[in-house]
Amino acid sequence: MKKWKTLFFSLLCLNIILVLVAVVAIFQPIEKRQAPSKEEVNGIELGVVGDKKNLNALIDKYLKQEFASDTLAYNVVLNDEVEVYGKIVAFGRDVDIKMTFAPIVQKNGNLVLEQTGLSVGALPLPVETVLKYVNNHFPMPEWVSINPKKESIYVALNQMELENGFRVKAEKFDLKNDEISIKLIDPSVQP
């Protein structure tokens, strides 16, 4: 009978510790970033039509180049929605995380990714909490800002500068029908 009491109190202590760790993590302050400027880019525009397969390859290449010195802790994949896969450390172990977003093209050519799904292992967690964690622990380009309260990510494509000086503007981003059209803008050349 004493063995059961010991196991019961051990389990009780473990549960209390888990709750305390979760509470402490939720109330940690997050790094505040300035929202990227939403100003329009002027210059000549070149329309480009692509599909998910090609854009997935470009995203993968960009992330590997942008974060070559870091260990990239996440991966972005375009299927019917934007899917972000990564790993977070919980209790000293890596835990798989998957977030899905619906892309919405803004008038200025930027994207808002609205959260549509979230899974952390098999544990349901509040989206706001997970986005705060992602914002604090995952490297993000300057032109990406996470808004945990709105459960969305703002992708300021017009602030993303490619190596050749071109800027990007989304025209259509319909992943379900595999219809993606963007404009490449060279701000150095005026029409």
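## Working around Asn-110 and the big pocket

Leaving aside residues up to four places away in sequence, Asn-110 touches Ile-104, Val-105, Tyr-154, Val-155, Ala-156, Leu-157 and Asn-158; touching means a contact, with heavy atoms within 4.5 Å. This is a predicted model, where local features need pLDDT of at least 70 and side-chain atom pairs pLDDT 80 or more, while totals for chains, interfaces and linings use all residues. Residues are numbered from 1 along each chain as its sequence is written, and side-chain values use heavy atoms, with hydrogens and water left out.

**Exercise 1. Place Asn-110 in the fold, and say whether it is buried or exposed.**

Start with the address: Asn-110 sits in the loop between strand S4 (93-105) and strand S5 (111-120). Helices (H or I, at least four residues) and strands (E, at least two) are DSSP runs counted from the N terminus.

Next, the accessibility. Asn-110 is buried because its relative accessible area is 0%; the cut-offs are under 20% for buried, over 50% for exposed and partly exposed in between, with a 1.4 Å probe and protein chains only.

Finally, follow the side chain of Asn-110, which reaches the backbone nitrogen of Asn-158 at 2.9 Å. That's a polar contact: N or O atoms within 3.5 Å, one able to donate a hydrogen and the other to accept it, with sequence neighbours counted only if both atoms are side-chain atoms.

**Exercise 2. Find which backbone oxygens the side chain of Arg-167 meets.**

First, Arg-167 belongs to strand S8. With a relative accessible area of 17%, Arg-167 counts as buried.

Now look along its side chain. The backbone oxygen of Asn-158 is reached by the Arg-167 side chain at 3.0 Å. A polar atom of that side chain also lies 3.5 Å from the backbone oxygen of Gln-159.

Put this beside Exercise 1: Asn-158 offers its backbone nitrogen to the side chain of Asn-110 and its backbone oxygen to that of Arg-167.

**Exercise 3. Describe the largest pocket, then zoom in on Ile-59.**

Volume comes first: the largest pocket has about 1200 Å³. (A pocket is an open set of points on a 1 Å grid where a 1.4 Å probe fits, with protein on both sides within 12 Å along at least five of seven lines; lining residues have an atom within 4 Å of a point.) Of its 42 lining residues, Leu-58, Ile-59, Tyr-62, Trp-143 and Met-160 are closest to the centre.

Then ask who builds the lining. Helix H2 (residues 52-66) gives the largest share, nine residues. By type, the lining holds 33 nonpolar, four polar and five charged residues.

Last, Ile-59, which is part of helix H2. At 21% relative accessibility, Ile-59 counts as partly exposed. Not counting residues up to four places away in sequence, Ile-59 touches Val-76 and Leu-78. Ile-59 and Val-77 are 18 residues apart in sequence, and their C-alpha atoms are 8.1 Å apart.

**Exercise 4. Locate Glu-151 and Asp-178, and check their phi angles.**

Take Glu-151 first: its phi is near 55°, positive in a residue other than glycine. Glu-151 lies in the loop between strand S6 (144-147) and strand S7 (152-155), and is partly exposed at 33% relative accessibility.

Asp-178, not a glycine either, has a positive phi of about 55°. Its loop runs between strand S8 (167-174) and strand S9 (179-186), and at 32% relative accessibility Asp-178 is partly exposed.

Note on methods:
Points joined across faces, edges and corners; volume = space filled by probe spheres on them. Nonpolar A, V, L, I, M, F, W, Y, C, P; charged D, E, K, R; others polar.
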